[in-house]
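The following paragraphs lead the reader through selected features of one protein model. Please keep the sequence and the coordinates in view while reading.

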Amino acid sequence: MIAQSVILDASTLLNLFATGNAGEILGCFTGSRIVCTAVASEVLHLRNEEPTKPPEPISINELISVGVLTKAEPANSHEESLYVEFASLLDDGEAMSLALCVSRSFCLATDDRKARRVSASLSPPVALLSTAELVKQWAREMDVSRETLRNALLAIERRARFVPWQGYPEKDWWTSVVSADGSRVAR
């Protein structure tokens, strides 16, 4: 279980939605699962499974209404200042997410390379999670079959256009699941 409060950025949310199991994956947290208002306005579409069809609209509203996600925004001048500072370096969603993480001592779930680099450069650095770490945790807790896990990772690659890069957390695990066959998840 992931026990700390986590703010998810748009890239991570899109990746989780691509699996078709976003609610279940987010349910593996015991801490708060938060999306900032800037990210909520960015998470709109995924590529369709059929390449000739238009993108598929998605909505985080159901996850918010059932309490899986909570929406947040800067609540004071300190958080607003951090947001403006980070917006000079990052896109709005990552900037607002990082500002709230710094101010509230939350963890940031992001796959954005620049956001990860900026987060790690802060003093103290912001704790980071990746899509791979979240999906791996879900697979362990829910005893997901290797086939289901492989399909989820492949869906992320196809529908969210995300493929782990060199140095990405759990890249070797991701690659082994996608390329290998077997009956249960690698522990």
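Cys107 counts as buried, at 2% relative accessibility; here buried means under 20% relative accessible area, exposed means over 50%, and partly exposed lies in between, with a 1.4 Å probe and protein chains only. The model is predicted, so local features need pLDDT of at least 70 and side-chain atom pairs count only at pLDDT 80 or more, whereas totals for chains, interfaces and linings use all residues. Residues are numbered from 1 along each chain as its sequence is written, and side-chain values use heavy atoms, with hydrogens and water left out.

The cysteines may be considered next. A disulfide is a covalent bond between the sulfur atoms of two cysteines. In this model the criterion is a pair of cysteine sulfur atoms within 2.5 Å, and a search of the whole structure finds zero such pairs. For Cys107, the closest cysteine sulfur belongs to Cys101 and lies 6.9 Å away, which is too far for a bond. Cys28 is likewise without a partner, because its closest cysteine sulfur, in Cys107, is 15 Å away. Cys28 is buried, with a relative accessibility of 3%.

Attention now turns to the salt bridges. A salt bridge is counted where a side-chain nitrogen of Lys or Arg is within 4 Å of a carboxyl oxygen of Asp or Glu, and the rule yields six of them. One joins the side chains of Glu50 and Lys53, with an N to O distance of 3.8 Å. Glu50 is partly exposed at 40% relative accessibility, and Lys53 is also partly exposed, at 43%.

Another salt bridge, at 2.5 Å from N to O, pairs Arg159 with Glu56. This pair links distant parts of the chain, 103 residues apart: Arg159 belongs to helix 9 (residues 146-159) and Glu56 to strand 4 (residues 56-57). Helices (H or I, at least four residues) and strands (E, at least two) are DSSP runs numbered from the N terminus. Arg159 is buried at 9% relative accessibility, whereas Glu56 is partly exposed at 34%.

Glu79 and Arg104 form a further salt bridge, at 2.8 Å from N to O. Here too distant parts of the chain are linked, since Glu79 lies in helix 5 (residues 77-87) and Arg104 in helix 6 (residues 92-104), 25 residues apart. Glu79 is buried, with a relative accessible area of 2%, while Arg104 is partly exposed at 28%. Through shared partners, salt bridges also join Glu49, Glu56, Arg158 and Arg159 into one network.

Helix 8 (residues 131-141) is mostly covered, with eight of its 11 residues buried. Among these buried residues are Leu134, Lys136, Gln137 and Trp138. Just after helix 8, Asp143 adopts a positive phi of about 50 degrees.

How does helix 8 pack against helix 1, and at what angle? Two packed helices are described by the angle between their axes and the distance between the axes. Helix 1 (residues 10-19) and helix 8 pack at about 35 degrees, with their axes 10 Å apart; the axes are lines fitted to C-alpha atoms, for helices over the stretch in contact, and angles run from 0 to 180 degrees between N-to-C directions. The contact (heavy atoms within 4.5 Å) is made by Thr12, Asn15 and Leu16 of helix 1 together with Thr131, Leu134 and Val135 of helix 8.
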